[in-house]
Amino acid sequence: MTAPAPAARRTHETSTDIATTPTRVWQLWSDVARWPRWNAGVARAALHGPFASGSTFEMQLPNGGPLLHSRLVDVRPGERFTDETAFEGVVVRVTHAMAPLAAGGVRVSYRTEVEGPNAAQAAEIGAGVSSDFPAVLQSLKAVAEANPNGPKEGSIMTATITLYTHPWSRGRVARWMLEETGLPYATEVLEYGTTMKAPAYRAINPMGKVPAIKHGNAVVTENAAILMYLADLVPEKKLAPAAGTPERGPYYRWISFMGPVEALLTAKSVGTLAKPEQAGYGSEADALDTLEGAVRGRDHLAGEHFTAADLFVASLIGFYLQFKMLEPRPEFVRFAQLHAQRPAARRANAIDDELAAQLQAAAGKT
Ligand SMILES: N[C@@H](CCC(=O)N[C@@H](CS)C(=O)NCC(=O)O)C(=O)O
């Protein structure tokens, strides 16, 4: 018989100073469902019970990563909390602590402790778990410092977002955007022709169409408006160029240009185009060449990084290519495929594919 390998323990610590109050940091920490907003290493998080010692929570890691089941083991409000996760035969404990600084602000530190039977494995897992903590702390700092006193009582930022959709609809565009924001949201699925046209839903969208979102008392319909509204809720994600910057021009321009493009493609699919000088979309050649010119040789339409304009243009090009309503010019295909690879796009599609399968299974039973 071989003797069991000695138990091993590995620790890592990283910290940063944040110009905010302990109350604000605590607010962000204890709002588990909103962790994905500032922690790119978490796609979705759900707490069962209060933010207190003994409660459990789940974290879905991004990019098809595992669903982790964790427990809060030591919660001291306004000061620190420790969570524990059993993972691949080891136990990972992370202590999130803060201490007020004499000059103002708070020093926030994350300490990771991994215990397991095998030292090499514990070291590897410890390094893996804590590798993105410096980036996570920088994001936490950005969100906290953007609003050091936190949302006011009853502020829209604490309100729930509901997405009204159908898995086979343009609601996929809105869901992709919601996944980009990292904000928690609920989904309400409407059925074509029935619940979508019922008075209860027409009170939200008189068009009886999806998608729509409701955020507190704010109702937003039209994908273009939904995307721009959501981008502004999470400035730290830079999904919209800042107001007043030159990049804001192409951002509005290309999001708005998709309205005429959609009108053109749907008109074309039934075989009647309006006279170019009367139609907002002009001639088909001008509209498609303009769209192609916008994406040709570029990965981003507004500035040098991904924004809601890229999301909207890529998702609608992808949608119309899929339904063979748009000619597959190489630059259209490239632009749509490039952005469809984003983790948030893949997550959103996986959620809608699953919902579609459930609807199909339910329809098969009736
Ligand atoms: N302009 C709207 C278009 C919404 C739209 O046409 N949605 C379709 C699904 S892709 C719909 O709800 N159709 C149902 C109906 O009209 O009864 C937007 O961009 O959000």
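Student: Which residues surround the ligand?

Tutor: In this predicted model, the ligand is surrounded by Ser169, Arg170, Tyr192, Met196, Gly208, Lys209, Val210, Pro211, Glu222 and Asn223. Sorted by class, this shell has four nonpolar, three polar and three charged residues.

Student: What makes Gly208 count as polar rather than nonpolar?

Tutor: The classes are set by lists of residue types, and Gly is placed among the polar ones. Gly208 belongs to the shell around the ligand, where three polar residues are counted.

Student: Which bond joins Val210 and Pro211?

Tutor: Val210 and Pro211 are joined by a cis peptide bond, with omega at about 5 degrees. Pro211 has its place in the loop between α6 (199-202) and β10.

Student: Why is α1 called oblique to α4?

Tutor: Helix α1 (residues 22-30) and helix α4 (residues 133-146) pack at an angle of about 120 degrees, and their axes are 10 Å apart. Angles of 65 to 115 degrees count as roughly perpendicular and those over 145 as roughly antiparallel, so an angle of about 120 degrees falls to the remaining class, and α1 is oblique to α4. The crossing in which α1 passes α4 is right-handed, and the contact is made by Arg24, Val25 and Leu28 of α1 together with Leu140, Val143 and Ala144 of α4. By class, that contact has five nonpolar residues, no polar ones and one charged residue.

Student: Why is Lys238 called partly exposed, and not buried or exposed?

Tutor: A residue is buried with 20 or more C-beta neighbours within 10 Å and exposed with 12 or fewer. Lys238 has 14 such neighbours inside 10 Å, and therefore counts as partly exposed. Lys238 is found in the loop between α7 and α8, and has a positive phi of about 55 degrees although it is not a glycine.

Student: Why does Lys324 count as exposed?

Tutor: Lys324 has 9 C-beta neighbours inside 10 Å, and because 12 or fewer is the cut-off for an exposed residue, Lys324 counts as exposed. Lys324 lies in the loop between α10 and α11 (330-340), and its phi, near 55 degrees, is a positive value in a residue other than glycine.

Student: Which residues of helix α7 are buried?

Tutor: In helix α7 (residues 223-233), the buried residues are Asn223, Ala224, Ile226, Leu227, Met228, Leu230 and Ala231. The buried residues of α7 pack against several elements, including α5 (171-181), β10 (212-215) and α8 (248-269). Asn223 also takes part in the shell around the ligand.

Technical notes: Residues numbered from 1 in each chain as written. Predicted model: local features only at pLDDT ≥ 70, side-chain atom pairs only at ≥ 80, totals over all residues. Axes fitted to C-alpha atoms, helices over the stretch in contact; angles between N-to-C directions. Helix = DSSP H or I, 4+ residues; strand = E, 2+ residues; numbered from the N terminus. Parallel < 35°, antiparallel > 145°, perpendicular 65-115°, else oblique. Left-handed = near helix turned anticlockwise from the far one by under 90°. Contact = placed C-beta atoms within 7 Å. Near = placed C-beta within 6 Å.
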